[in-house]
Structures are given as structure tokens and as C-alpha cells.
Amino acid sequence: MKKAYLFAGQGQQFLHMGKDLAQEFESVSRIYEAASLQAGFDILNLNEEQLNSTEYTQAAVLTLNYAISTLIPNDAVYVAGLSLGEYNALVYAGVLSFSDALDLVLKRSKIMASALKDTGMYALLRTDIETVELAIKDLPIAICNHNTPSQIVVGGYLKDLEASVETLKEHGIKRIVPLNVSSVSHMYLMEDASKEFEETLKQYQYKTPNVDFINNVEAKVQTDDFVSSLSRQISHRTRLSETIQLMINQGVDQFVEIGPKGSLKSCVLAHDKSLEVHSIYDLETLKESESNAS
């Protein structure tokens, strides 16, 4: 059996996430204490408004993902993460320390939060990548996330997204769902933010991964040049669907999603419903995972 760990990004965060784990495990409590001190705010006690603000959300999700990763077996043969979750994958693979990853994410979140206004993202469902690429070819919007073979997210200025709906429907894309996000990410409108963040990334050291790490922007195993890929991630589409398919092609038959709250599990099962997939995001799901492994 080959196992892969997938680290979730923001979007499924929930109030008081991590509290039950910190109360159960002294090691997790120490992780949160140190991370909160570094971040300058109490990560375990964010209110709802803070939790849905990028500057706080990214640190909270990163810390939860890392805390969980310290409680589970170190036995993955592949590792990847969606957007923010890619930083957890890099920590797991030994490329970055958690402290450096948190530092980068704190800076990344501020850059992303202040980059654009009046932008958004739409999920296009029950379609395929070829249909979407053809439909938007002459539109001022772009693909941001290729999550499953039939779920693609596009983004742009809100006025452009709204104006694109009829064209999308003319191409047979009937399920169009606006996402509850504060701004767009992973597309060309974020080029300036990408270049700004690249200068920050250059200030850190990156080690060679000790497990096969698959990046967001190319969906390929990566061993170096992390400054380039992490900066481009902000302004290029994420390729989760291709990442999952690559792992399946390499014989991975067990996937563990780490972090809130089951969205990546559904993406894996969209490729093959026979795969074994578990999600871990709190004490209860951690215990369920341990029970399934025994």
C-alpha cells in the first residue's frame, strides 16, 4: 500500500479548530503557544471575523495542519498541498522548518489580502478543463483551480465574472457557483503580488525534500527552485486534479487529507471512488484514522 498526504488550504476553516487537540496533547499546546507568539495573535482563539480574514486564516490553517502532521505516522511516499497547504507539505518533506513556513505565510497573507479589490471566483461544476478553456478563451477571466476532472474554478474582477456567465452557459456550463472569498488568487491579476512575494522568498533557505513532493503550479515532483514555484503559485492556477492523478498513476491507493474539512477527500474520490481516503482535522477524526490504521 502506498500512502499520500494532502494538506488542505483555506476555505473550510472553523471556529476553535485545534483546541481539542491542544487540550489532549501537550506537544500540540506548545506548538500553538510558539506559533501564536511568532504570529503576534492567539491562533487558538480567533473570532469568526478574524477566522475569515486572510491575514489570520492562513496562519491558523497552517498551524492546525502542522500540529496534526506531528501526531500521525511519518510514512507517506508522496506529499502535496492545495495553495496554502503546499507550505505544510514542504514542512513535512523537510524543505522548510515550520517556523520559516509560518513566517512566509504571515507575509504571504498580508500581500494577498491587500493585492486586489472587487475580485472573486466562481466554481464551474459538471464540466471539464477543455470546455472551460475554450469558453474563457476570449474572456477577461482565468482558471484559478483545477480541482477535479469536473470541477474548475475561475476568477477575475467581479464585473467580468458576472458578464461571463452567459458565455459560460452557451458552452454548456450550467452549474456556476460564486465562492465566498474576499479576493481572487492563482491567476494573472496577482502578478504584482507574486513578484513582491518572490523577494521575500529569496530570504529563506530550502532543503532537498526527503519524500516525493508534488508542487501546485506544474503538478510534478519537485526537488529544487522553490522560490520560483512558490511565487508563481500566487499568480498561476493550482493543479490539484493533475496532482491526484499523478499519485494514482504512481500506485498511491491511500490518501490522507490533513486539515479542514473534507474538501480534498471529495476531490480524490472524484477520480476513483474505490480509493481509501481519510480526513483528519480534529481529535475525533484523528482517533478514527488511528482506528482504521490498526
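**Exercise 1. Work out how much accessible surface the chain has, and what share of it belongs to carbon and sulfur atoms.**

Keep in mind that this is a predicted model.
- Step 1: The accessible surface of the chain adds up to about 13000 Å².
- Step 2: Carbon and sulfur atoms account for 45% of that surface.
- Step 3: Now turn to the residues. Out of 294 in the chain, 56% count as buried.

**Exercise 2. Decide how compact the chain is for its length, using its radius of gyration.**

- Step 1: Start with the secondary structure, which comes to 13 helices and nine strands.
- Step 2: The radius of gyration is 18 Å, and the globule rule gives 19 Å for 294 residues. Those values are close, so the chain is as compact as a globular protein of that length.
- Step 3: For the outline, picture a box of roughly 55 × 40 × 35 Å along the principal axes, filled by the C-alpha atoms.
- Step 4: Then check the contacts. Take those between residues at least 6 apart in sequence, and 72% of them join residues at least 24 apart.

**Exercise 3. Find how helices α5 and α10 are oriented relative to each other, and which residues meet.**

- Step 1: Locate the helices: α5 covers residues 85-92, and α10 covers residues 226-233.
- Step 2: Their axes are 11 Å apart and the packing angle is about 160°.
- Step 3: Angles over 145 degrees count as roughly antiparallel, and α5 and α10 are therefore roughly antiparallel to each other.
- Step 4: On the α5 side, the contact uses Glu86, Tyr87 and Leu90; on the α10 side, Phe226, Leu230 and Gln233.
- Step 5: Sort the residues of this contact and you get four nonpolar, one polar and one charged.

**Exercise 4. Trace the surroundings of asparagine 215, and say whether asparagine 215 is buried or exposed.**

- Step 1: Asparagine 215 sits in the loop between β7 and α10.
- Step 2: Its relative accessible area is 0%. Buried means under 20%, so asparagine 215 is buried.
- Step 3: Skip residues up to four places away in sequence, and asparagine 215 touches Glu86, Lys220, Gln222, Ser229 and Thr243. Glu86 is also one of the α5 residues that meet α10.
- Step 4: Leucine 90 is 125 residues from asparagine 215 in sequence, yet their C-alpha atoms are 9.3 Å apart.

**Exercise 5. Follow the contact over to threonine 243 and list what threonine 243 is in contact with.**

- Step 1: Threonine 243 belongs to helix α11, residues 240-249.
- Step 2: With 4% relative accessibility, threonine 243 counts as buried.
- Step 3: Beyond neighbours within four places in sequence, the contacts of threonine 243 are Ala80, Ile214, Asn215 and Ala219.
- Step 4: For a contrast, try alanine 123, which is 120 residues from threonine 243 in sequence and 19 Å away, C-alpha to C-alpha.

**Exercise 6. Examine the backbone at alanine 219, aspartate 118 and the bond joining proline 260 and lysine 261.**

- Step 1: Recall the background: most residues other than glycine have a negative phi, and most peptide bonds are trans.
- Step 2: Alanine 219 has a positive phi, near 55°. This alanine lies in the loop between β7 and α10 and is buried, at 9% relative accessible area.
- Step 3: Aspartate 118 has a positive phi too, near 60°. Its place is the loop between α6 (98-113) and β3 (119-125), and aspartate 118 is exposed, at 58%.
- Step 4: Proline 260 and lysine 261 are joined by a cis peptide bond, with omega about 5°. Lysine 261 is in the loop between β8 (252-258) and α12.

**Exercise 7. Look at two loop residues, leucine 275 and serine 183, and name their contacts.**

- Step 1: Leucine 275 is in the loop between α12 (263-271) and β9 (276-280), and at 11% relative accessibility it counts as buried.
- Step 2: Setting aside neighbours within four places in sequence, leucine 275 is in contact with Ile248, Val252, Asp253, Phe255, Val268 and Leu269. Valine 252 is 23 residues off in sequence and 8.8 Å off in space, C-alpha to C-alpha.
- Step 3: Serine 183 is in the loop between β6 (175-178) and α9 (191-201). This serine counts as buried at 14% relative accessibility.
- Step 4: With neighbours within four places left out, serine 183 is in contact with Met112, Leu116, Thr119 and Met121.

Conventions: Residues numbered from 1 in each chain as written. Predicted model: local features only at pLDDT ≥ 70, side-chain atom pairs only at ≥ 80, totals over all residues. Heavy atoms only, no water. Axes fitted to C-alpha atoms, helices over the stretch in contact; angles between N-to-C directions. Helix = DSSP H or I, 4+ residues; strand = E, 2+ residues; numbered from the N terminus. Parallel < 35°, antiparallel > 145°, perpendicular 65-115°, else oblique. Contact = heavy atoms within 4.5 Å. Nonpolar A, V, L, I, M, F, W, Y, C, P; charged D, E, K, R; others polar. Rg over C-alpha atoms; globule rule 2.2 N^0.38 Å. Buried < 20%, exposed > 50% of the residue type's maximum accessible area, 1.4 Å probe, protein only. Areas by Shrake-Rupley, 256 points an atom, 1.4 Å probe, with all protein chains shown as cover.
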